[in-house]
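User: I am new to this model and would like a close look at chain B. Please explain how it is put together, and then set it beside its partner chain.

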Amino acid sequence: MNITKTLDAKGLACPMPIVRTKKAIEEVNSGEVLEVVATDAGAKSDLTAWTKSSGHELLETKEEDGVYTFYVEKG
Amino acid sequence: MSEQKKTNIILFSGDYDRAMAAYIIANGAAAYDHDVTIFHTFWGLNALRKDEKLRPSKTFMEKMFGKMMPRGAEKLPLSKMQFAGMGPKMIKNVMKKHNAMPLDDLISMAQEQEITLLACTMTMDLLGLKEEELLDDIKYGGVAAYISEGEDGAINLFI
């Protein structure tokens, strides 16, 4: 997987991970992958719902020691 | 993507916690690419007040109202556990620990995300609030302004 951009959203609380992700995805091109790293436990369902409704694709999710990593391909 | 969806929130309440909820939902909806409007009426107008002391010309009653109401977002009371002012202090401490954004930051974030902040002019008159006392770059309107946004809203909330 080719990661074009990484967003560090660690330590941010709702609604910031999603607000920042939205801004970051605007900076990549369609088909490119944005990596989002977050620690907010709600981010998992938030990111999943957000990608689905905004036309992007969540390629993969990882969770390690309370750190969530998401790979979003821009639609 | 399909046509842009709309989220409309009526903020009637002047409680810090309720206003926070309203602004978190609004910012989230903006991240969903919704066209978002927060319509501030009655006590919700206090969230838009500037925190500095201004002296616009007012009637006696209007001055009294102005003194009795909180001046700005960070001065709003909590809906529960106010404890004569201790509650908001405690919750703001906890919020800092959890990296939750305070209400004034949520409001700036909303403006940055181009959320429309609308103040109800009828209730501004009732409470004696003048335009110069409220934040810059907000809009003014009445029930029709809300309905025109709300009638095709995907999400309509009254808080």
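Analyst: Of the 159 residues in chain B, buried ones make up 33%, a figure that comes, like everything below, from a predicted model. Chain B is built from six helices and five strands, and when these are read from the N terminus they follow the order β-α-β-α-α-α-β-α-β-α-β. Its radius of gyration is 16 Å, close to the 15 Å that the globule rule gives for 159 residues, so chain B is as compact as a globular protein of that length. Taken along the principal axes, its C-alpha trace spans about 50 × 40 × 25 Å. Among the contacts in chain B with a separation of 6 or more, 75% are accounted for by residues 24 or more positions apart.

To see the interior, it helps to turn to the largest nonpolar core, which has 54 residues, and within it B:Ala19, B:Tyr23, B:Ala26 and B:Ile38 touch the most other members. Helix H1 of chain B gives the most to this core, with ten residues. B:Tyr23 is a good place to look more closely: leaving aside residues up to four places away in sequence, it touches B:Leu103, B:Leu106, B:Ile107 and B:Ala110.

One loop residue of chain B also deserves attention. B:Phe42 is found in the loop between strand E2 (35–40) and helix H2 (60–68) of chain B, and its phi is near 45°, a positive value in a residue other than glycine. Most residues other than glycine have a negative phi. B:Phe42 has 17 C-beta neighbours inside 10 Å, and therefore counts as partly exposed, since the buried class begins at 20 and the exposed class ends at 12.

Chain B touches chain A, and the contact takes twelve residues from chain B and 13 residues from chain A. On the chain B side, helix H1 (residues 16–31) supplies the largest share, four residues, and by class that side has seven nonpolar, four polar and one charged residues. Helix H1 of chain B thus appears in two settings, as the element that gives the most to the core and as the source of the largest share of the side that touches chain A.

The partner can be described in the same terms. Chain A has two helices and four strands, running β-α-β-α-β-β from the N terminus on. Its radius of gyration is 11 Å, close to the 11 Å that the globule rule gives for 75 residues, so chain A is as compact as a globular protein of that length. Buried residues make up 32% of chain A, and residues 24 or more positions apart account for 62% of its contacts with a separation of 6 or more. An unreviewed UniProt entry carries the annotation "domain: UPF0033" over residues 7–31 of chain A, a stretch that is 40% helix and 12% strand, with its end C-alpha atoms 17 Å apart.

Chain A has backbone details of its own. The peptide bond from A:Cys14 to A:Pro15 is cis, with omega near 10°, and A:Pro15 sits in the loop between strand E1 (3–9) and helix H1 (16–25) of chain A. Further along, A:Asp65 lies in the loop between strands E3 (57–64) and E4 (67–73) of chain A, and its phi is positive, about 50°, although it is not a glycine. With 5 C-beta neighbours inside 10 Å, A:Asp65 counts as exposed, whereas B:Phe42 counts as partly exposed.

Terms used. Residues are numbered from 1 along each chain as its sequence is written. Chains are lettered from A and ligands numbered from 1 in the order in which they are written. This is a predicted model: local features need pLDDT of at least 70, side-chain atom pairs count only at pLDDT 80 or more; totals for chains, interfaces and linings use all residues. UniProt positions are given in the numbering used here, feature names are shortened, and annotations may be inferred rather than shown by experiment. Two residues are in contact if their C-beta atoms, placed from the backbone, lie within 7 Å. Ala, Val, Leu, Ile, Met, Phe, Trp, Tyr, Cys and Pro count as nonpolar, Asp, Glu, Lys and Arg as charged, and the others, Gly among them, as polar. The radius of gyration is taken over C-alpha atoms; the globule rule is 2.2 Å times the number of residues to the power 0.38. A nonpolar core is a set of buried Ala, Val, Leu, Ile, Met, Phe, Trp, Tyr and Cys residues joined through C-beta atoms within 7 Å.
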